[in-house]
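Biologist: I would like to learn how to read a few features of a model. Could we begin with charged pairs, then turn to domains and cavities?

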Amino acid sequence: MFPWDTLADVTALARAHPDGIVDLSVGTPVDPVAPVIRDALAAASAAPGYPTTAGTPVLREAVVAALQRRYAITGLSPDAVLPVIGTKELIAWLPTLLGLGGADTVVVPELAYPTYEVGALLAGAAVLRADSLTQLGPAAPPLVYLNSPSNPTGKVLGADHLRKVVGWARDRGVLIASDECYLGLGWDAAPLSVLHPDVCDGDHTGLLAVQSLSKTSSLAGYRAGFVAGDAAVVAELLAVRKHAGMMVPTPVQAAMVAALDDDAHEQSQRERYARRREVLLPALRSAGFTVDHSEAGLYLWATRGEPCRDTVAWLAQRGILVAPGEFYGPRGARHVRVALTATDERIAAAVQRLS
């Protein structure tokens with residue numbers, strides 16, 4: 001069963017609140033798409049031919065420029081960039097696209113976005129949850145996922161930690177796929193990409209950074225993401241994706257260029273989330289919650305020191321819907337994930353109910 005389907009009862013309970021539900025359970029954007037992006041989409045809508053799987057040259061160049069400008073990633077070639085139909089698609093199919101199977105193990109964080117595990121299982125590979133290199137012993141798994149800032153916890157991996165993992169992986173020929181969809185949303189810490197020179201010394205060999213415009217540009221409905229890093233691995237992914245028909249529509253590629261070229265809308269969206277966090281975080285603490293990590297990203301990782309389903313029910317009685325921490329792994333059994341992706345009015349309603 002899809003995990004979210006298990007929330008039907010508490011969703012109904014939250015919806016029954018006299019002032020309506022405050023849905024903080026999923027990280028889906030609610031804010032308007034910037035006009036500059038919508039205009040670019042419309043202008044490119046007369047596109048009768050097939051799009052290129054590799055992406056237009058202008059899109060790949062826009063990715064390179066934006067990653068350098070926003071995140072100080074240097075030394076990236078446009079040939080080492082590949083647009084994807086939303087990063088969930090890439091994550092779900094990456095082990096299969098890489099040719100992994102029953103003899104392979106994919107390493108995922110102990111608390112992790114569920115699609116890492118699903119993608120490994122689709123390929124027939126085994127899954128190992130591990131947060132430290134000592135847990136891996138002498139093994140050399142073909143694929144290791146990193147996620148910083150983390151979904152669900154908001155934890156940020158520091159440069160020293162990332163450098164250590166990169167060195168370990170290179171010594172063993174292990175590919176790292178770093179999910180960086182929340183990279184632009186650091187609050188109490190400054191996240192770094194695995195492609196940042198302080199992490200990899202400008203050498204992207206064996207590294208993939210998975211990035212999305214869903215959060216920073218509210219483009220979840222556009223399915224607009226990309227992967228960048230090791231040019232040889234990107235070329236391998238491109239070759240397989242051509243055969244599989246995994247093409248980002250031409251108008252969406254044009255919209256992505258507009259989103260990547262314009263930093264003003266991205267900064268405005270970041271400020272919206274910051275304002276929501278500034279009121280919701282103290283409200284949760286005042287209501288008796290402990291909030292762990294949560295120094296970046298779009299979620300607050302909160303606990304009342306009880307089983308997570310009890311906390312979900314407690315909040316649903318107040319018309320607030322959140323995600324049980326167990327969705328993300330056994331270590332989440334006493335936490336809930338609270339999203340910042342609701343309108344200012346609904347966040348204010350949640351704060352009032354918590355008080």
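Biologist: Which residue forms a salt bridge with Asp79?

Modeller: Side chains of opposite charge can pair when their charged atoms come close. Here Asp79 pairs with Arg60, with 3.6 Å between the closest N and O atoms. The term salt bridge asks for a side-chain nitrogen of Lys or Arg within 4 Å of a carboxyl oxygen of Asp or Glu. The two residues lie in distant parts of the chain, 19 residues apart: Arg60 is in helix 3, and Asp79 is in the loop between helix 3 and strand 2 (81–84). Helices (H or I, at least four residues) and strands (E, at least two) are DSSP runs, numbered from the N terminus.

Biologist: What should I know about the source of these values?

Modeller: This is a predicted model, where local features need pLDDT of at least 70 and side-chain atom pairs count only at pLDDT 80 or more, while totals for chains, interfaces and linings use all residues. Residues are numbered from 1 along each chain as its sequence is written, and side-chain values use heavy atoms, with hydrogens and water left out.

Biologist: How many salt bridges does the structure hold?

Modeller: The structure holds 18, and 4 salt bridges are counted between domain 1 and domain 2. Asp131 and Arg331 also form a salt bridge, their closest N and O atoms being 2.8 Å apart.

Biologist: Where do the domains run, and how do I read the area between them?

Modeller: The size of an interface is often given as the accessible area lost when the parts come together. The assignment, automatic or from a database, gives domain 1 (3–27 + 265–354) and domain 2 (35–261). Their buried area (accessible area lost to a 1.4 Å probe, summed over both parts) is about 2400 Å², 56% of it on carbon and sulfur atoms. On the domain 1 side, Glu266, Glu295 and Tyr328 supply 25% of the area buried against domain 2, more than any other three residues.

Biologist: And empty space inside: what is the volume of the largest cavity?

Modeller: Rolling a probe the size of a water molecule over the atoms shows where empty space is left. On a 1 Å grid over the protein atoms alone, a cavity is a set of points where a 1.4 Å probe fits but cannot get out, and lining residues have an atom within 4 Å of a point. Grid points are joined across faces, edges and corners, and a volume is the space filled by probe spheres set on the points. The largest cavity has a volume of about 90 Å³. Among its 13 lining residues, Arg70, Tyr71, Gln211, Leu213 and Phe226 are the closest to the centre. Helix 3 gives the largest share of the lining, 4 residues.

Methods:
On a 1 Å grid over the protein atoms alone, a cavity is a set of points where a 1.4 Å probe fits but cannot get out, and a pocket is an open set with protein on both sides within 12 Å along at least five of seven lines; lining residues have an atom within 4 Å of a point. Buried area is the accessible area (1.4 Å probe) that two parts lose on being put together, summed over both.
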